[in-house]
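Open the model in a viewer and keep the sequence panel beside it. The stops below go from one selection to the next.

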Amino acid sequence: MDESLSTLVNCEKLSLSTNCIERIANLNSLKNLRILSLGRNNIKNLNGLEAVADTLEELWISYNFIEKLRGIRVMKKLKVLYMSNNLVKDWGNPLQEKYASDQKNNWIEEATKRVPKLKKLDGILVIKQEEDEEGAN
């Protein structure tokens, strides 16, 4: 990510996927950036995103080498985060880890107890017992 990015002052969406980028840099001038796509690069951390922390709404960082999401909390407007296929270890799913050995997928049940309005979990449609019974009436 070179200094030529500083010329994109009005840029709202920037896609730099599949470019062998190793580090996030030179985003200081992008004061209107809402969507940043950095998938399929060689990024190892999120340093450099602070520059767009006030405006970024979507961050696409799948297929990189990111181990820690340090710095993600400063993203004030972030609504969408795609981060699959990275090396993140510090953002585990404690419910899944605790109940994963159970063959009945009790971790999904535990998650729905804690988030009653949950409709999808890990891409799986969640149908609660009460909803099944209501639909039968």
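Strands in this tour are DSSP runs of E with at least two residues, numbered from the N terminus. By that numbering, E12 lies in the segment before β1. The model is predicted.

**Whole chain**

Start with a cartoon of everything. The protein has three helices and six strands, and along the sequence they follow the pattern β-β-β-β-α-α-β-β-α. Colour by accessibility next: of the 137 residues in the protein, 31% are buried. Among contacts between residues at least 6 apart in sequence, 14% join residues at least 24 apart.

**The four-stranded sheet**

Select β1 (13-15), β2 (35-37), β3 (58-60) and β4 (80-82). These four strands form an open sheet in the order β1-β2-β3-β4, with parallel pairing. Which strands stand at the edges? They are β1 and β4; each has a single partner strand, so one side of each is left without a neighbour in the sheet. Neighbouring strands here are turned by 0° against each other on average, direction ignored.

Strands of a sheet pair through backbone hydrogen bonds, either parallel or antiparallel. Now zoom in on β2 and β3, which pair in the parallel sense over three bridges. Pick S37 and look across to β3: its bridge partner there is W60.

**The segment before β1**

Go back to E12 and show its side chain. E12 is partly exposed, because its relative accessible area of 41% falls between the limits of 20% and 50%. Leaving out residues up to four places away in sequence, E12 touches N32, L33, R34 and I35. A distance label between the C-alpha atoms of E12 and K31 should read 8.5 Å, for two residues 19 apart along the chain.

Move to L5, also in the segment before β1. Is L5 buried or exposed? L5 counts as buried, because its relative accessibility is 8% and the cut-off is under 20%. With residues up to four places away again left out, L5 touches L14, A25, N26, L27 and L30. The C-alpha atoms of L5 and A25 are separated by 9.1 Å, and the two residues are 20 apart along the chain.

**The loop between β1 and β2**

N26, one of the contacts of L5, is found in the loop between β1 and β2. Check its backbone: phi of N26 is near 60°, a positive value in a residue other than glycine. N26 is partly exposed, with a relative accessible area of 33%.

Select R23 in this loop between β1 and β2. R23 is exposed, because its relative accessible area of 60% is over the 50% limit. Add I43 and label the C-alpha atoms: R23 and I43 are separated by 5.3 Å, although they are 20 residues apart along the chain.

**The nonpolar core**

Which residues have the most contacts inside the largest nonpolar core? Select L36 and L49; the core has 23 residues, and these two have the most contacts inside it. Now expand the selection around L36. Apart from residues up to four places away in sequence, L36 touches L14, L27, L49, L56, E58, L59 and W60. L14 and L27 in this list are also contacts of L5.

**Rings**

Stay with W60 and show aromatic side chains. A pair of aromatic rings is described by the distance of the centres and the angle of the planes. The count comes to one aromatic pair. W60 and Y82 form that pair, which is stacked, at 4.1 Å centre to centre and 20° between the planes. The pair links distant parts of the chain, with W60 in strand β3 and Y82 in strand β4, 22 residues apart. W60 counts as partly exposed at 33% relative accessibility, and Y82 counts as partly exposed at 41%.

The last selection is Y63, in the loop between β3 and β4. What sits over the ring of Y63? The charged end of R40 does, 3.9 Å from the ring centre. Phi of Y63 is near 60°, again a positive value in a residue other than glycine. Y63 is partly exposed, with a relative accessible area of 38%.

Technical notes:
Residues are numbered from 1 along each chain as its sequence is written. This is a predicted model: local features need pLDDT of at least 70, side-chain atom pairs count only at pLDDT 80 or more; totals for chains, interfaces and linings use all residues. Side-chain values use heavy atoms; hydrogens and water are left out. Buried means under 20% relative accessible area, exposed over 50%, partly exposed in between (1.4 Å probe, protein chains only). Two strands pair if DSSP finds at least two bridges between them. Axes are lines fitted to C-alpha atoms, for helices over the stretch in contact, and angles run from 0 to 180 degrees between N-to-C directions. A nonpolar core is a set of buried Ala, Val, Leu, Ile, Met, Phe, Trp, Tyr and Cys residues joined through side-chain atoms within 4.5 Å. Contact means heavy atoms within 4.5 Å. Rings of Phe, Tyr and Trp (its six-membered ring) pair if their centres lie within 6.5 Å; planes under 30 degrees apart count as stacked, over 60 as edge-to-face and the rest as tilted. A charge sits over a ring if NZ of Lys or CZ of Arg is within 6 Å of the ring centre and within 35 degrees of the ring normal.
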